[in-house]
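Okay, thanks for coming, everyone. I'll put the structure up and then walk you through a helix and a sheet.

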Amino acid sequence: FIVDDYSTKFKAVDVIKNHNITFNLQLFYISTDRGFNIAGACNLGAMKARSNKIIRLDFDQQIQEKTINQINILPVTTSNVYRVRKNDKKLYPSVLIFARALWELGFVWDEDFSPLYGWEDHYYIKVLQHYNINIDNITLDIINNSGGKTLNLDRKSMSLQSRKIYLEKLKQIKKPTNPIRFSYDMEYNNYI
């Protein structure tokens, strides 16, 4: 399924309706603007997931069926997370494969990074490592769509501010509490 983090110009549900697309998915819309809330969208996605294995992707990334088959055979537990590389070179810090039960144990993304851009995934990895969760790097074919940039954000400035939060949090690493701090609605439901 998809979590739309308060899009206003190109809402995911509008794209589906305008192109008369029928998907086997659910779409949730964060209806309380918290700015750039990647952490909250990840938490909502993990909370609403129906499978025991979760792959976390950004909106500009996609996987093919052969990659899904590779993911399906990965052993995931509450003591490991897979971080994805492409061709043993580029590390995607935001592409993670993990057991839903790990999220249920409180290993959630920290919404304190909202409304800024970046560093929530880096902190998530640090929290996992702090609590002795194994981080396994795995090579998979992830397709990155080059047009996937939010043009109305000053990413550099927001990232610098977010990095300050990250560095402060590293002084006392802990699992975040209250993973959902916003209102949301289900806007599309065609779960088969």
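So, what do the buried residues of α6 pack against? Keep in mind that this is a predicted model. The answer is α5, residues 120-130.

Let's stay with α6, which covers residues 155-169. Its 15 residues, at 1.5 Å each, should span 21 Å, and the end C-alpha atoms sit 20 Å apart, so that agrees. Which residues of α6 are buried? They are Arg-155, Met-158, Ser-162, Tyr-166 and Lys-169. Look down the axis of α6 and these buried residues fall within an arc of 80 degrees, so they line one face of the helix. You'll remember the general reason: an α-helix has 3.6 residues a turn, so residues three or four places apart point the same way. Over on the other side of α6 you find Lys-156, Leu-160 and Lys-164, which are exposed.

Okay, on to the sheet. It's an open one, with 4 strands in the order β3-β6-β5-β7 and mixed pairing. β3 and β7, the latter being residues 134-139, are at the edges with a single partner strand each, so one side of each has no neighbour in the sheet. From one strand to the next, the twist averages 30 degrees.

Now zoom in on β3, residues 53-56. Ile-54 and Arg-56 point to one face and are buried, whereas Lys-53 and Ile-55 point to the other and aren't. β3 runs antiparallel to β6, residues 90-99, and 4 bridges join the two. Which residue in β6 is the bridge partner of Ile-54? That's Phe-98, and for Ile-55 the partner is Ile-97.

Terms used: Residues numbered from 1 in each chain as written. Predicted model: local features only at pLDDT ≥ 70, side-chain atom pairs only at ≥ 80, totals over all residues. Heavy atoms only, no water. Buried < 20%, exposed > 50% of the residue type's maximum accessible area, 1.4 Å probe, protein only. Pairing = 2+ DSSP bridges. Axes fitted to C-alpha atoms, helices over the stretch in contact; angles between N-to-C directions. Expected span 1.5 Å × (residues − 1). Arc of directions from axis to C-beta. Contact = heavy atoms within 4.5 Å.
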